[in-house]
Each structure stands twice: as C-alpha cells, then as structure tokens.
Amino acid sequence: MITLVRRPTPSQFWSYATPLLAVIATMIAGGILFAILGKHPVEAIRVIFWDPLFGGNASYFRGQLLVKAGPLILIACGLAVGFRAGIWNIGAEGQYIMGALFSAWLALKMYPAESHWLFPAMIVLGALGGFLWAMIPAVLKVLFGTSEILVSLMLVYVAENLLAYMAFGPLKNPEGFGFPGSRNLQDYPSAFNHELIEGTGMHWGVVAALIAVIFSYGLMHRHITGFRIRVAGEAPRAARFAGVIPARLVMLGLGMGGAFAGLAGMFEVSGPSGQITDSFNVGYGFTAIIVAFLGRLHPIGILLAGLLMALTYIGGDMAQLMLGLPSAAIQVFQGMLLFFLLAFDVLTNFRIRFGRVAA
Amino acid sequence: MIVGGIDIITLTATLMGASTPVLLAATGELVAEKSGVLNLGVEGMMIMGAVAGFAAAVATGSPVLGFLMGAIAGALLATLFAFLTQKLLSNQVATGLALTLFGLGLSALIGKGYEGVRPPPTAKIDFGPLSDIPVLGRILFSHDWIVYLSLILVAVVWYVLRSTRAGLILRAVGESHDAAHALGYRVVAVRFAALAFGGALAGLGGAYLSLVRVPQWTEGMTAGAGWIALAIVVFASWRPWRVLLGAYLFGGITALQLQLQAAGYAIPVHILSMAPYVITIVVLVILSAIHRHGVQAAPASLGKSFHASS
C-alpha cells in the first residue's frame with residue numbers, strides 16, 4: 001500500500017525536478033497520442049522539439065521562438081505575482097485584447113501623422129488598457145468579495161466580443177474594400193513595432209519581457225512587497241497580523257497581471273500581428289497560465305518555461321506542415337503538461353512510503 | 001402576444017431548451033461543491049461531453065447513446081480531476097483550469113472530422129392533447145426528454161441532499177472533512193462519487209448543446225457556458241431550486257438576446273452577445289454584496305485539500 005507523508009518543508013530538489021519530470025512524461029504521453037493519430041511518435045517529437053532549433057530551416061524558426069515566447073513570458077510574469085498572493089486572475093486573455101485595442105485605437109486615430117511620441121504613448125495606453133480591464137475584478141473583489149476567478153474569466157468573453165465589434169465596426173480599415181479588420185500598423189512607421197535585429201524576431205515586446213523578468217525578480221525576491229505577497233499567499237492569517245492589507249494585494253496582483261498582459265497585446269498588435277481582427281487573440285493569455293506554473297511562479301523559471309512553450313507552438317506548426325498533425329494536438333499537449341506538473345508536485349510536498357506507516 | 005417585435009410565448013418556450021445545458025452542468029457542479037470540492041473544469045467537461053456525445057450519436061444514429069456517451073466522457077474527465085486533487089492533493093483551482101484547457105484541446109482534436117455533419121434528431125415528447133392547450137401547451141409540453149430529465153434531476157438532487165442519509169454524509173464531508181473523517185466516513189470516496197456525478201451532468205449538458213441546441217459540432221462551442229454554470233452555483237447560494245431559477249434566468253437572457261438579433265434591432269450583434277456575460281457579472285456582484293452581511297452560504301471545506309494524517 002502506498003501512503004503519503006507530508007514533508008515538514010517542501011523539498012528543494014523536487015521543486016526543481018518536477019517540471020523536468022513533467023516535460024518528459026508529457027513527451028511520452030504525447031508520443032502515445034501521436035501514435036494513436038497515426039504518426040510516428042519519435043519522428044513527431046523530433047519535429048516539434050528538435051527541428052525548430054537545430055533542423056534545416058532553424059534560422060527562421062529560432063526568430064519565431066522569441067516572437068512567441070515574448071508575450072507568454074510577459075503575461076506569465078504578471079500572473080505569477082497574483083498567483084503567489086492567492087489571487088486567481090484567469091482573464092489575462094481579455095486584458096491582452098484590451099491592451100491591443102487601446103493602443104491600436106490611438107495609432108489609428110493618429111494615422112497618418114508621424115511622431116516619435118506615438119510608440120511610447122501606445123505602450124502606456126496598452127498597459128493602461130490591460131490594467132483597467134483587470135481593475136474591474138479587483139475592485140469588485142475588494143468592495144463586494146466577488147470571485148475574481150469568475151469575473152475575470154467572464155470579461156474575456158466580453159473583450160472578445162468587443163474586439164469583434166471593433167474589427168467589424170469603428171476600427172475597420174476605411175480603405176479595406178469591406179474586409180473586416182483595421183489598417184495594418186506594419187505599414188505605419190511611427191506605430192510599427194519593428195524587429196530590432198534583422199531575422200532574430202527580437203522586437204520591443206521581447207525586450208519588455210526580459211525587463212519584466214528582472215523587474216519581477218527584484219519585486220518578488222529582493223523587496224519587502226514580494227515577501228508580503230508570498231506570506232499572504234501561503235499564510236493569509238499570519239499576513240494580516242503582520243499588517244498586510246489584503247485589498248492592496250488584490251489591486252497589485254490583478255493590476256500587474258493586467259498591465260503586463262495589456263503590454264503584451266500592444267506589442268503584438270503593433271508588430272507580429274499588425275492589425276485588429278476578430279481572430280487577433282490566439283490564447284496566449286491562457287497558455288501563460290501554464291507557463292507561470294511550469295516556471296514555478298519564479299521569474300527565471302518562467303523565462304525558461306516561456307521558451308519551451310513557444311517551442312511547442314512553433315514545433316506544432318512544423319508538425320502540422322510536415323506530418324499533417326492537427327493543430328489541436330498541440331493544445332492537448334500543453335494541457336497534458338500542466339496535468340503532469342500538478343500531479344508530480346505531490347513529490348515536492350509529500351514523501352511516498354510503500355507499506356503501512358505507523359501513525 | 002408580441003411585444004416590441006418579440007413573441008413572448010416563443011421566447012418562454014425556447015427559454016427552457018436554452019437553459020438546459022447550463023442547468024445540467026450547474027446541478028452537477030452543485031453536488032461536487034456540496035462535497036467540498038471546487039471543480040473549475042466544468043467548461044472542459046462540457047465540451048468533451050459535447051464532442052463525445054456528438055461523435056457517438058453520429059456513429060450509432062442514436063441520440064440516446066450520444067447523451068450516454070457525453071455523460072461518460074464528462075465523468076471520466078471528472079475522475080481524472082478527482083484523482084489529481086484527492087489522491088495527489090494538487091491545487092483545485094489550477095487543476096480545474098488544466099481540465100478546461102485540456103478538454104478544449106482534446107475536443108478540438110476529436111471533433112476535426114465532424115464539422116458540418118448533422119446529428120440524428122432528438123424527438124420531442126408527444127403529450128397528445130396537452131400540447132394543444134393554448135399558451136401553456138407550447139411553453140410546457142413541447143420539449144424533448146432531456147429538458148424534463150434535467151428538471152427531475154434538480155428535484156432528485158434537492159431531495160437527496162435534504163432528506164437522505166447519503167445527502168447528509170455528502171454535506172458533512174463538504175462542511176468539515178476532518179470531522180467527517182473522524183466519524184468514519186470515507187471522505188475521498190464520497191468526493192470521487194460527487195465529482196463523477198458532477199462531470200456526468202456537465203457532459204450531458206454539453207451533449208445537449210451539440211445534439212439539440214445548435215445542433216452541430218463547432219470548435220469551442222460551449223463558449224463559456226461551463227463558467228456561467230459555476231457562476232449560477234454561487235448565485236444560487238448552493239441550493240438546488242435556486243440553481244433552477246438562476247439557469248432559467250440566464251437561459252431567458254440568452255434566448256431574448258438571440259431573438260433581439262433576429263428581430264433586427266439596430267444594436268450590433270457583438271454587443272448583444274456580451275449580454276449573458278455582463279449580466280452574470282452584475283448578478284454575482286449583487287449576490288456577493290448581499291452575502292457580505294449575511295450568512296456564508298458556501299460549504300465550509302470548499303476548495304481545501306484533505307489529507308488524512310493518521
């Protein structure tokens with residue numbers, strides 16, 4: 001018989017080892033899934049994880065890696081702050097959309113005026129859009145104790161509908177021959193978030209993601225605020241005795257998540273995506289939740305997890321192209337990764353004992 | 001009876017059908033939450049029920065088998081959730097999210113070949129002369145059997161929770177798992193059963209969506225219905241009859257919104273489509289504002305992990 005014995009303190013070793021274990025288990029389970037779909041499992045895993053980095057056309061795909069990892073890391077860094085404090089912001093997808101809408105609105109209003117101030121102003125508006133959207137669940141939580149989980153999630157659907165309304169209505173390209181979608185910001189030099197180094201995929205959003213990693217490391221691990229956040233998440237009662245004000249933490253946790261997600265949306269709409277369309281959002285806000293957990297809510301971990309997750313996106317595209325693997329298979333793959341991670345986490349907090357344990 | 005281009009009788013008659021998926025899912029989640037487990041994976045279980053039910057019904061030509069398969073798919077996914085949260089003691093919020101993300105992905109994968117296919121029709125029950133009663137006949141006696149089954153299930157859940165020994169044990173486990181454990185009840189087993197029941201109902205609700213409501217399979221077709229079901233449980237203060245009220249209220253809003261779109265009002269479609277979500281938020285806020293000063297309605301052990309230390 002197998003029994004679990006709680007460890008006095010979480011195991012340091014296993015907290016590093018479980019993400020790796022989860023990745024390996026997901027590869028095995030994924031291989032089985034691909035085999036069921038009639039693909040050669042080893043071949044599929046190689047196409048997803050190896051070819052984009054070291055295969056034939058790797059130089060192109062390596063650039064794509066940063067383009068995809070940037071928003072994931074940026075959003076996950078913000079979410080991790082909330083998750084550490086026990087605040088469940090799962091509406092990052094909506095905050096991402098609002099950041100894009102706010103900044104694109106400004107750019108489209110200014111078009112075609114050229115100014116050096118436009119791009120910085122768009123950054124501010126993008127962060128503001130996401131922040132304000134996240135403030136709705138935050139304020140409702142503080143004032144009325146409404147569940148931030150449900151409100152932030154409901155707001156994703158509201159934001160998606162707003163996005164579609166904008167793409168078909170107010171922000172539609174007047175010279176777009178009736179097609180839905182806004183003007184392409186890639187053709188508007190002042191607003192275009194161009195590649196900083198040709199062919200690397202490095203754009204301002206990636207820079208922002210790196211700054212976010214450093215910033216949240218400083219905040220969470222070197223500053224008293226981070227300490228308070230972690231105490232509040234692990235021992236809410238102790239935190240209250242220590243003078244932590246819950247309302248402020250709710251505002252901070254949701255606000256940072258929202259602002260970072262809004263920024264990610266801004267860099268995406270002004271760069272890789274270029275325009276507001278009804279299919280602008282591709283689920284980064286939800287995948288970032290997996291990234292945050294896979295990275296153990298630690299900024300450095302999130303950096304690595306974000307790169308890995310970006311790899312599965314690109315590898316998934318490749319596998320779709322070369323092996324005809326359905327794109328949804330990668331979604332399943334990412335979902336499994338989170339499952340395995342949560343399952344193996346038992347090793348961090350518990351010892352496994354075989355046979356009966358004397359009480 | 002037509003008010004502002006909206007036929008009130010048609011609206012009321014469609015309301016019951018429109019509410020059924022959410023009603024089933026919310027009733028199931030109520031039972032799970034009463035046992036003290038917060039399963040945020042309702043959306044994932046619903047969409048898996050939708051695709052599994054659809055596939056089974058198309059393959060066999062029998063909608064009944066489709067509904068059965070939908071319920072089984074939902075229950076299987078819920079059992080996975082139960083294993084992770086009850087045996088491996090994972091965080092319930094995170095695991096629920098994982099369930100939803102996984103379910104959305106897997107359903108899209110399974111459903112690839114089914115887009116554009118029409119499912120076998122589900123017949124309406126023939127009530128004979130009852131359906132010919134003016135007004136009431138169309139509102140009450142013009143539905144398929146799942147609609148009536150969902151009502152019966154609400155009544156059964158209400159009765160079992162209130163008046164039976166099994167219901168008492170379930171509630172005890174949900175209120176204080178340590179006390180229930182000390183009394184010799186098998187907390188983990190009770191929770192497994194409650195979660196599986198909840199999953200089966202969510203799956204059934206999903207299958208109703210793809211087999212009757214829409215009726216076809218499209219990727220991501222639940223569109224937040226699972227989350228609305230979660231909100232309804234909160235709205236209902238964990239009481240079965242209020243779940244019914246809540247579900248019909250939301251079903252009514254959805255039906256009204258669709259009729260307004262059809263009636264050609266000058267409100268953009270996308271703005272109208274926001275209505276169910278916005279109203280869910282408004283209702284949640286009102287409810288939480290009231291409960292701030294009243295009794296805490298949620299089961300006391302909701303969302304907490306249980307680990308028998310001896």
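Helices are taken here as DSSP runs of H or I of at least four residues, numbered from the N terminus. On this basis Tyr313(A) is placed in helix 13 (residues 299-323) of chain A. The model described is a predicted one.

Tyr313(A) has 24 other C-beta atoms within 10 Å and is therefore buried, the threshold being 20 or more. When residues up to four places away in sequence are set aside, Tyr313(A) touches Lys68(A) and Ile330(A). Between Tyr313(A) and Gln12(A), which lie 301 residues apart along the chain, the C-alpha separation is 30 Å.

Chain A as a whole contains 15 helices and two strands. Its C-alpha atoms occupy a box of roughly 75 × 55 × 35 Å along the principal axes. For 359 residues, a compact globule would be expected to have a radius of gyration near 21 Å, and the value of 22 Å for chain A agrees with this. Buried residues amount to 51% of the 359 residues of chain A. Among contacts in chain A with a separation of 6 or more, 80% are accounted for by residues 24 or more positions apart.

The two strands of chain A pair with each other. Strand 1 (residues 2-6) and strand 2 of chain A run antiparallel and are joined by five bridges. Within this pairing, Ile2(A) stands opposite Phe354(A), and Leu4(A) stands opposite Ile352(A). The number of buried residues among the five of strand 1 of chain A is zero, so this strand lies largely in the open. Strand 2 (residues 350-354) of chain A is likewise hardly covered, with a count of zero buried residues among its five.

Chain B comprises 13 helices and two strands. Its C-alpha trace spans about 65 × 50 × 40 Å along the principal axes. The radius of gyration of chain B, 20 Å, agrees with the value near 19 Å that a compact globule of 310 residues would have. Of the 310 residues in chain B, 51% are buried. Residues 24 or more positions apart supply 77% of the contacts in chain B with a separation of 6 or more.

The contact between the chains involves 40 residues from chain B and 38 residues from chain A. On the side of chain B that touches chain A, two or more residues are given by each of helix 4 (92-111), helix 10 (225-235), helix 12 (269-273) and helix 13 (275-291) of chain B. Helix 4 of chain B provides the largest share of this side, 12 residues. By residue class, the side of chain B that touches chain A consists of 27 nonpolar, 11 polar and two charged residues.

The largest nonpolar core holds 221 residues, of which Ile73(A), Ile75(A), Ala76(A), Ala292(A) and Ile232(B) touch the most other members. Helix 9 (residues 187-213) of chain B makes the greatest contribution to this core, with 16 residues. For Ala292(A), the contacts beyond four places in sequence are Ala76(A), Leu79(A), Ala80(A), Phe83(A), Leu297(A) and Ile302(A). Ala76(A) is thus both a contact of Ala292(A) and one of the core residues that touch the most other members.

Helix 10 of chain B, one of the elements on the side that touches chain A, is largely enclosed by the rest of the structure, because 11 of its 11 residues are buried. These buried residues include Trp227(B), Leu230(B), Ile232(B) and Phe235(B). The cover over the buried residues of helix 10 of chain B comes from both chains: it includes helix 7 (148-168) of chain A, together with helix 1 (8-34), helix 2 (42-60), helix 9, helix 11 (240-262) and helix 13 of chain B. Just after helix 10 of chain B, Ser237(B) adopts a positive phi of about 50°.

A further buried site occurs in helix 8 (residues 177-182) of chain B, where Ala180(B) lies. Ala180(B) counts as buried because it has 23 C-beta neighbours inside 10 Å. Outside four places in sequence, Ala180(B) is in contact with Ala172(B), Val173(B), Tyr185(B) and Val187(B). The C-alpha atoms of Ala180(B) and Ile169(B), 11 residues apart in sequence, are 7.7 Å apart in space.

Note on methods: Residues are numbered from 1 along each chain as its sequence is written. Chains are lettered from A and ligands numbered from 1 in the order in which they are written. This is a predicted model: local features need pLDDT of at least 70, side-chain atom pairs count only at pLDDT 80 or more; totals for chains, interfaces and linings use all residues. The radius of gyration is taken over C-alpha atoms; the globule rule is 2.2 Å times the number of residues to the power 0.38. A residue is buried if 20 or more other C-beta atoms lie within 10 Å of its own, exposed if 12 or fewer, and partly exposed in between; C-beta atoms are placed from the backbone. Two residues are in contact if their C-beta atoms, placed from the backbone, lie within 7 Å. Ala, Val, Leu, Ile, Met, Phe, Trp, Tyr, Cys and Pro count as nonpolar, Asp, Glu, Lys and Arg as charged, and the others, Gly among them, as polar. A nonpolar core is a set of buried Ala, Val, Leu, Ile, Met, Phe, Trp, Tyr and Cys residues joined through C-beta atoms within 7 Å. Two strands pair if DSSP finds at least two bridges between them.
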